[in-house]
Every structure is written in C-alpha cells, then in structure tokens.
Amino acid sequence: MPPAAPAYQSTLGHPSFASIGFFFLVILVTLVITWWAGRKTRTSTEYYAAGRGISAMQNGFALAGDYMSAASFLGISGMVALKGYDGMIYATGWLVGWPALMFLVAEPLRNLGKFTFADVVAYRLRQGPVRIAAAVGGILTTIFYTIAQMVGSGSLIALMFGMPFVLAEVLVGAVMLLYVLFGDMLATTWVQIVKAILLLCGVTVLTGLVLSRFGFSLPALYRAATDLYPNQNLLVPGDLTRSPVDAISLGLALMFGLLGLPHILMRFYTVPDAKAARVSVLYATGLIGYFYVIIPIVGFGAAVLLSVKGAGGSVLALGQEVVRGFDKGGNMAAPLLAEALWGSAFLGFIAAVAFATILAVVAGLTLAGASAYSHDIYLSVIKKGRATEEEQLETARIATVAFGVVAVALGIAFQGQNVAFLVGLAFAIAASANFPALLMSIVWRRFTTWGAVWSILVGAASSVGSIVLSETVWVDLFHFEHAIFPLKNPAIFSMSAAFLAGIVVSLLTPEPEARRKFESEKLRTYLGVGAE
Amino acid sequence: MSATTRPADASKNATELIESPAFRALVKIRWSVSLTLLALLFVGYYGFIMLVATSPAIVARRLSEAPGAIANLGLVLGIGTLVFAWILTAVYVVWANRVHDPEVERLKRQLRR
C-alpha cells in the first residue's frame with residue numbers, strides 16, 4: 001500500500017461473517033438452479049440450446065449477464081474513479097455493438113444455425129474446411145477471453161475474500177463445471193439471469209446511495225469531483241482519445257467484436273424464433289445501456305466519497321489514492337464504495353455479486369468453447385454428421401471438462417500478468433476472424449468455401465500478429481524499446497484484411513453449388529422456413 | 001440441414017416464391033432499413049468519438065454559464081450516445097414487429113398453399 005493512504009480502514013480481503021454468508025448464499029442458489037434445470041437433459045439441443053425454450057425477456061437478461069462481466073462492472077467504475085470522463089467514452093464503445101448485432105446478424109443467425117456461428121458460415125459451403133477454420137476462430141476468441149476472465153477473477157477473489165489465487169481459480173473452475181455439466185445451457189442461462197438481476201440491483205442501490213449524499217443532484221456530484229481534483233479535470237477527455245485512428249480502431253473492435261463472440265451468438269439459439277431473438281436484443285441493449293449510464297456515477301462517487309477527511313475538513317487522502325492503494329487499476333473502487341456507504345455487509349453482497357458474475361461468464365464461455373469442438377469438429381468433421389444423441393452428449397461433456405481444466409490451468413499459468421490486453425485481443429479476433437466470414441456468408445452470393453477459410457485465417461493471424469507486435473505486448477510485456485505495429489488495437493487493419501482475403505479468394509475460386517444454395521437458403525434466412 | 005430434400009412441387013413453389021417480386025422486395029427493404037439504422041449508429045458513435053478526439057475544447061464547453069451549472073457538452077453527448085443506440089434498436093424492433101413480420105407471415109402462407 002502506498003504511504004499516501006495509511007489512514008484508510010477496510011475489511012476488504014478480511015472475510016467477515018456477512019461476506020462469507022453472501023458468498024455461500026450465491027453458490028447455494030445457483031447450485032439449486034442447476035439441480036432443478038439439469039434433471040431433464042437428454043439431447044444436445046437441451047445441452048447447448050436449453051431446448052430452444054428461453055423467452056425473449058429471459059434471453060435479454062441472459063445476454064446482458066453474459067456481457068456485463070466483472071471486468072466491465074469493476075473495471076469501468078474504477079476507470080471513471082481514476083480517469084473520469086475517459087471511462088465514460090470507453091463505456092459507450094461497449095454498448096454500440098448491440099444495435100449492430102441486431103441490424104446485421106441476429107435474425108439470419110437464429111434462422112440458419114443450430115448451435116454455433118459456424119453452422120451459419122458452413123451452411124451452403126463444404127463442411128470440413130469451413131468448420132475447422134471457424135472452430136479455430138471460435139476457440140481462439142473463447143480461450144483469450146477466458147484467460148482474461150480467469151486471471152482477473154482469481155486476483156479479484158483473492159483480494160476480496162483473502163483467498164489464495166490458485167484456490168480461487170480451482171473454485172471458479174469446479175463450481176462453473178457443476179453448472180455446465182449437470183445443468184447445461186438451461187442452468188447457465190438461469191445463473192446469468194439471476195446474476196444480471198443481482199448486479200443491476202446492486203449497482204442501482206450503490207448509485208442511489210451515492211446520489212443521496214449529494215441531495216440527488218448530479219451537478220453537485222460533478223462539482224464535488226472537480227473541486228477535489230483541481231489539477232485533473234475529471235469531466236473532460238484525457239489520454240484515451242489522443243490518437244483518433246487508435247480510437248476508431250478500438251471502436252471497431254468493440255462494435256464488431258460483439259458480432260463474433262461465440263458465447264454471445266450461441267444464446268440466440270436458445271430462443272424459439274427470429275422474433276424472440278430480435279426482442280431479446282432490445283431487452284439486452286436496454287439493460288446494458290442502463291448499466292453503463294449509471295456506472296460512471298459509482299466511479300465519480302468513489303473518487304469523492306472515499307477521500308479521508310481529517311479534523312476541520314482537511315483532506316488526508318484523496319479517493320483516487322485510496323482506490324489505487326488496494327488495486328493499481330482501480331478495480332476495487334466499487335466494492336470499497338459499497339463498504340464506505342453501507343458497511344461491510346453491503347461489501348459482502350457486492351463481492352458475492354462480482355463472484356457470481358465471474359462464475360456465470362466463465363460457464364458461458366466454457367459452453368461456447370466445448371460446442372466449437374464437439375459440434376463443429378467432432379460431429380461435423382470427424383463423424384460427418386452421423387453420431388447418435390448419446391455420442392454427441394458424451395463428447396460435449398468431455399469437451400466441457402477439458403475446456404474447464406484448460407481454463408483453470410491457463411488462469412494459474414498467467415497469474416500476476418497484466419492481462420487487460422487479452423480482452424482487447426479476444427474482441428479483435430472476434431471482429432476479424434469470426435465476424436467478416438459470418439457476415440459475408442449471410443449476404444454475399446459469391447462467397448466460397450476457400451474464401452471463408454482464408455478470411456477466418458487471415459483475420460485470426462493478422463489480429464494476433466499485430467497485437468503481439470503492438471505496444472501492449474511488444475513493449476509492455478516483452479520490454480522491447482519500440483512497437484513495430486503502431487496501433488494499440490489492430491481491428492481497423494485486421495478486419496479489413498479479413499474482408500479483403502474473403503473477397504479476393506472467393507472471386508478466384510468460384511463455387512457454383514454454393515451460389516445456387518444461396519438462393520434456396522433465402523427462404524430460411526428471411527422467412528425462417530425450416531429453421532431449427 | 002439440407003433444404004433440398006423437399007418434394008418436387010414444394011421446391012418448385014419455393015423457387016417461385018424466391019423469384020417473386022414480393023419476396024425480393026421484402027429482402028431489399030429489410031436490408032435498407034438495417035443499413036440505414038446502421039449508418040445512423042455509425043454517424044452517432046464515430047461522430048462522438050471523433051469529436052472527443054479532435055476537439056476536446058468543444059466537448060469541455062459548459063452548457064450554461066449559470067454559477068451552479070457544471071455539466072458540459074461531453075457528459076450529455078456520452079449519455080446521449082448510449083440512449084441513441086437504444087432508440088435505434090427500438091426503432092428496428094417496432095418496424096420489424098409491425099411491418100416486416102406480417103409480410104413474412106403472408107409470404108409463408110403462400111408457400112404452404
């Protein structure tokens with residue numbers, strides 16, 4: 001802890017009766033859901049798509065739950081606390097993918113696919129090569145996203161509950177596997193719904209408590225924040241947008257990355273039809289938008305209210321210093337604020353919600369990773385579509401356990417690394433490897449098997465390659481002097497490269513069969529005729 | 001998965017429907033609406049980002065010179081971008097439910113006949 005914040009007392013990291021209580025309550029409730037949901041899994045449609053019986057509103061909450069990770073809850077509130085307005089700019093980028101998802105892919109995806117986005121890409125193309133390439137893109141995205149979640153969650157749990165990092169990783173892995181193995185997609189969906197409601201309620205209460213300290217007046221809060229930090233104007237843009245090209249590239253990755261995240265796309269198969277898919281996006285956008293509108297208030301509140309005042313109103317420690325004292329990145333701003341406003345019981349509640357958030361997101365990622373192997377590789381490539389329900393379900397469960405073990409192992413292997421770039425990488429790969437192939441397969445008649453394969457491979461290789469050569473990895477991680485690739489996020493380059501590769505290769509390798517099927521698949525794409 | 005295993009007359013019916021002006025119009029309008037809304041989203045979001053990146057002074061301008069007022073243009077635009085994104089989504093859903101779906105149902109009935 002830096003010397004600037006010795007005056008601050010917190011029970012964070014010292015488990016209290018309340019925090020342990022809420023922690024076990026969350027685990028108990030979610031396991032009861034799992035037991036209830038898992039009694040009837042017989043088919044792969046139940047395992048991966050909850051029997052397509054989730055309603056639009058339920059799916060909206062589940063989508064929001066999948067998207068509002070601990071990183072966005074703790075990370076954005078912390079970023080606003082430390083950097084002010086920059087955190088708000090960042091938050092807008094996280095929302096704008098949702099309308100784009102709706103306009104471009106949600107309904108065709110629901111109509112054409114079965115369990116994975118590769119179903120849609122491969123629909124009229126040759127199964128083998130496309131499935132393998134799409135599974136590579138899907139698994140890469142999911143793995144990087146999972147490592148980021150696991151490492152982040154391990155340190156958060158260690159910080160909040162005072163638990164050793166390795167134990168935290170194993171615990172997340174074990175409980176998450178229970179949800180997925182015994183409760184399948186139905187349990188995972190309900191865990192997401194419960195978690196989304198808890199998270200929204202927790203943040204709403206926190207926001208209300210902050211505003212109550214300022215007479216429910218936002219200007220009063222802003223004024224307090226600017227008065228407290230006279231040298232750092234929290235209400236104007238700072239470093240984040242110093243380079244417009246970087247800002248646009250990050251915006252592209254955030255916006256179109258969403259359209260290529262396998263664990264999000266997979267949720268559209270849990271609803272009965274395209275109309276439900278559409279309405280669920282409206283719910284999700286509303287919930288996530290509300291979350292990002294109020295979360296900056298929590299951040300500003302932390303910057304002001306966590307300050308330690310001495311006798312006569314002199315400031316002994318600024319809120320930002322207190323927050324940095326617990327975690328350099330600011331991740332503990334929201335939990336600390338909860339404790340300062342309503343005591344350690346509320347801290348326990350917020351910590352338990354953050355834990356539930358981590359569990360639920362990792363469970364969703366595990367299902368997505370497992371389906372990429374068992375549905376796209378095992379069933380479609382190895383078995384050529386001929387496997388019994390029992391075989392499919394068994395492979396799905398084995399793949400789930402394997403993915404869970406890999407997630408825990410990678411989480412432990414990356415302990416202590418700064419993994420913030422991994423989320424950016426996951427979004428960049430999703431936007432470059434998965435999204436262009438998905439979009440072209442839906443809208444472009446001349447798209448071919450090899451066009452899809454090359455688009456996915458070029459997108460994956462160029463996004464991974466340029467992130468490695470960029471400042472985030474080349475300089476910060478490998479300690480070279482200068483970055484070779486100039487941008488922090490490569491999407492503007494790698495996404496264009498993927499589209500270009502798909503177009504050029506498709507034009508060079510005409511596939512009359514695929515073009516003919518494009519016409520007949522239109523009934524399914526636009527009318528839902530024959531959709532599963 | 002395969003859409004080609006239907007009886008011959010059904011498949012002839014399907015081909016006729018795909019080539020009918022009504023179906024073509026449905027597809028065309030669907031993409032016109034989607035792409036128009038997407039263009040608005042682009043203008044709104046990237047306009048906001050570019051404004052913040054290139055003219056921080058405009059963004060920092062106070063909305064009112066009154067002594068109590070502190071909100072600046074940037075705060076309003078930030079929240080406004082979030083609200084705008086949701087409104088575009090809502091516009092699409094209202095259009096799709098009221099205009100698009102009835103036409104989809106009508107065309108599906110033609111197919112069954």
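With just 11 C-beta neighbours inside 10 Å, Glu105(B) counts as exposed, since the cut-off for that label is 12 or fewer. This is a predicted model, so that label describes computed coordinates. Glu105(B) sits in helix α4 of chain B. Compare its position with that of Leu75(B): the two are 30 residues apart in sequence, and their C-alpha atoms lie 44 Å apart in space.

**Chain B and its partner**

Chain B has four helices and zero strands, so reading from the N terminus you get α-α-α-α. Of its 113 residues, 27% count as buried. Take the contacts in chain B between residues at least 6 apart in sequence: 53% of them join residues at least 24 apart.

How many residues of chain B are in contact with chain A? The count is 47, and they meet 44 residues of chain A. Helices α1, α2, α3 and α4 of chain B each supply at least two residues of the side that touches chain A. Here is where those helices run:

| Helix of chain B | Residues |
|---|---|
| α1(B) | residues 8–19 |
| α2(B) | residues 21–54 |
| α3(B) | residues 56–59 |
| α4(B) | residues 73–112 |

The biggest contributor to that side is α4(B), with 19 residues. By character, the side of chain B that touches chain A splits into 35 nonpolar residues, nine polar and three charged.

**A helix in chain A**

Over in chain A, helix α16 covers residues 389–413. Why do its ends lie where a helix of 25 residues should put them? At 1.5 Å a residue, the expected span is 36 Å, and the end C-alpha atoms are 36 Å apart, which agrees.

Plenty of names turn up on the buried list for α16(A), including Gln392(A), Leu393(A), Thr395(A), Phe403(A), Val408(A) and Gly411(A). What do the buried residues of α16(A) pack against? Their partners are α2 (44–49), α8 (127–161), α9 (165–212) and α15 (333–382) of chain A.

**How far to trust chain A**

The mean pLDDT of chain A is 88, and 97% of the residues score at least 70. Among its helices, α19(A) (residues 471–475) has the lowest confidence, at a mean of 81, while α20(A) (residues 491–508) has the highest, at 96. Residues 1–6 of chain A are another story: pLDDT stays under 50 there, and the model has ten contacts beyond four places in sequence for that stretch. Where pLDDT is low, the predicted coordinates should not be read in detail.

Conventions
Residues are numbered from 1 along each chain as its sequence is written. Chains are lettered from A and ligands numbered from 1 in the order in which they are written. This is a predicted model: local features need pLDDT of at least 70, side-chain atom pairs count only at pLDDT 80 or more; totals for chains, interfaces and linings use all residues. Two residues are in contact if their C-beta atoms, placed from the backbone, lie within 7 Å. Ala, Val, Leu, Ile, Met, Phe, Trp, Tyr, Cys and Pro count as nonpolar, Asp, Glu, Lys and Arg as charged, and the others, Gly among them, as polar. A residue is buried if 20 or more other C-beta atoms lie within 10 Å of its own, exposed if 12 or fewer, and partly exposed in between; C-beta atoms are placed from the backbone. The expected span of a helix is 1.5 Å times one less than its number of residues. pLDDT is the predictor's confidence in each residue, from 0 to 100.
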